[in-house]
Amino acid sequence: RVLFETRAALRRELLAAGIVCAIVLLLSLISYGEIRARRGADPAWSSAGALRVVLVSSDFPSSLTISEGEVHTRQVAMRQALAQIEKSGFEPHLVAFPEGTRIREYLPAYAELFTAHLPQDSLVLDSGFRYTLAGKKILETRAYRVGGDVEGRIDKQLLFPFGEYVPSFFVLIGKWFAPRTIDSLLSHRDYDVGGSLMLADARGIKVGARLCSEIFSPRLYRTLREEGAKILFDLSSISMFHGSQTLIAQTRAAARIRAVENGLPTLIVLNGGLPSAYDCRGREIKPEKVIENLYFYTLPSSTACPQ
């Protein structure tokens, strides 16, 4: 009798455990189905559909000053890239150039060239600097509307020592021991932090783009998301580090983390390395095709997670 009651109790416990497991499994399947159904359900992406993007890679050297010959070389490379994009028949909504492609040039100066090779109302991302009224230089990403003018401008806030500013301590020491070197650095690598944060849009999708080392800042990219960005970019140059594979790997890892943190597709375009793209879950997106230094992506709505 005791054995019979023990077996009956065991059966009841097993039955209860089975029911609980079945309920958990059912709820898991329902949740998974809802996630699959909502994937890419962000209104901005759903209404806009797929976004066609071209990332342009380059490999220009880093130096304190850029000669007229080097400026011409960069201009020719940019013209060739635009002509190749037009020839491809891809019709991009957005074209992104890496940092340092055309340091001395201002985007509207290429208005006719953009209009000749790119679709009307498409967006061009690039970087450069501007002078403030106080004479300070501010690094920035710029978004130019083909057929229009600059619509987006985001100032760099995370500056890299010696590359973008000279620490005060070294200025004081350098004035005594290497005044000419310090004067050269202050003349060509002395930038200030800016505060502009204007986002443009590509096919109705707000674009947030930052510069170089800012990819390592969770706060700065979170700010872009809070301002309404639905896709993130980092325009970078690692030529100063001579194509360091370690830095390239770290940059890509940081981009993957930013994508997951913000639930937004994140793309990086490099001077001195190959570009890459990640969906909102940090999975790498392979380019649809590659033509020389041009990487073509068609990003469906599923690359953006519901917010």
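When we talk about the angle between two helices, we mean the angle between their axes, which are lines fitted to C-alpha atoms over the stretch in contact, taken in the N-to-C directions. Keep that in mind for the helix pair below. What you're looking at is a predicted model. The protein chain has eight helices and 13 strands. Of its 307 residues, 46% count as buried. Among contacts with a separation of 6 or more, 68% come from residues 24 or more positions apart.

**How α7 and α8 meet**

- Start with helix α7, residues 218-226, and helix α8, residues 245-262: they pack at an angle of about 45°, and their axes are 10 Å apart.
- Is that parallel or oblique? An angle between 35 and 65 degrees is neither roughly parallel nor roughly perpendicular, so α7 and α8 are oblique to each other.
- As for handedness, α7 passes α8 in a right-handed crossing.
- On the α7 side, the contact is made by Pro218, Tyr221, Arg222 and Arg225, while α8 brings in Arg258, Glu261 and Asn262.
- Sort the residues of this contact by type and you get two nonpolar, one polar and four charged.

**A closer look at helix α3**

- Helix α3 covers residues 68-88, and you can check its length yourself: at 1.5 Å a residue, its 21 residues should span 30 Å, and the end C-alpha atoms are indeed 30 Å apart, so the two values agree.
- Which residues of α3 are buried? They are Val71, Arg74, Gln75, Met78, Ala81, Leu82, Gln84, Ile85 and Ser88.
- Here's a handy rule for reading a list like that: an α-helix has 3.6 residues a turn, so residues three or four places apart point the same way.
- And what do the buried residues of α3 pack against? Their partners are strands β1 (51-56), β2 (94-96), β12 (289-291) and β13 (294-299), plus helix α4 (111-117).
- Methionine 78 sits in helix α3, and it counts as buried because its relative accessibility is 1%.
- Along the chain, methionine 78 and serine 58 are 20 residues apart, yet 9.5 Å separates their C-alpha atoms.
- Right after α3 comes glycine 89, with a positive phi near 70°.

**Positive phi without glycine**

- Glutamate 91 isn't a glycine, but it has a positive phi of about 55°.
- You'll find glutamate 91 in the loop between α3 and β2.
- With a relative accessible area of 47%, glutamate 91 falls short of the 50% cut-off for exposed, so it is called partly exposed.
- Aspartate 121 is another residue other than glycine with a positive phi, this time near 75°.
- Look for aspartate 121 in the loop between α4 and β3, the strand of residues 123-131.
- Is aspartate 121 buried or exposed? Its relative accessibility is 51%, so it counts as exposed.

**A buried serine in a loop**

- Where is serine 213? It belongs to the loop between β8 (205-211) and α7.
- Serine 213 has 13% relative accessibility, so it counts as buried.
- Leaving aside residues up to four places away in sequence, serine 213 touches Lys156 and Leu158.

Methods: Residues numbered from 1 in each chain as written. Predicted model: local features only at pLDDT ≥ 70, side-chain atom pairs only at ≥ 80, totals over all residues. Heavy atoms only, no water. Axes fitted to C-alpha atoms, helices over the stretch in contact; angles between N-to-C directions. Helix = DSSP H or I, 4+ residues; strand = E, 2+ residues; numbered from the N terminus. Parallel < 35°, antiparallel > 145°, perpendicular 65-115°, else oblique. Left-handed = near helix turned anticlockwise from the far one by under 90°. Contact = heavy atoms within 4.5 Å. Nonpolar A, V, L, I, M, F, W, Y, C, P; charged D, E, K, R; others polar. Expected span 1.5 Å × (residues − 1). Buried < 20%, exposed > 50% of the residue type's maximum accessible area, 1.4 Å probe, protein only.
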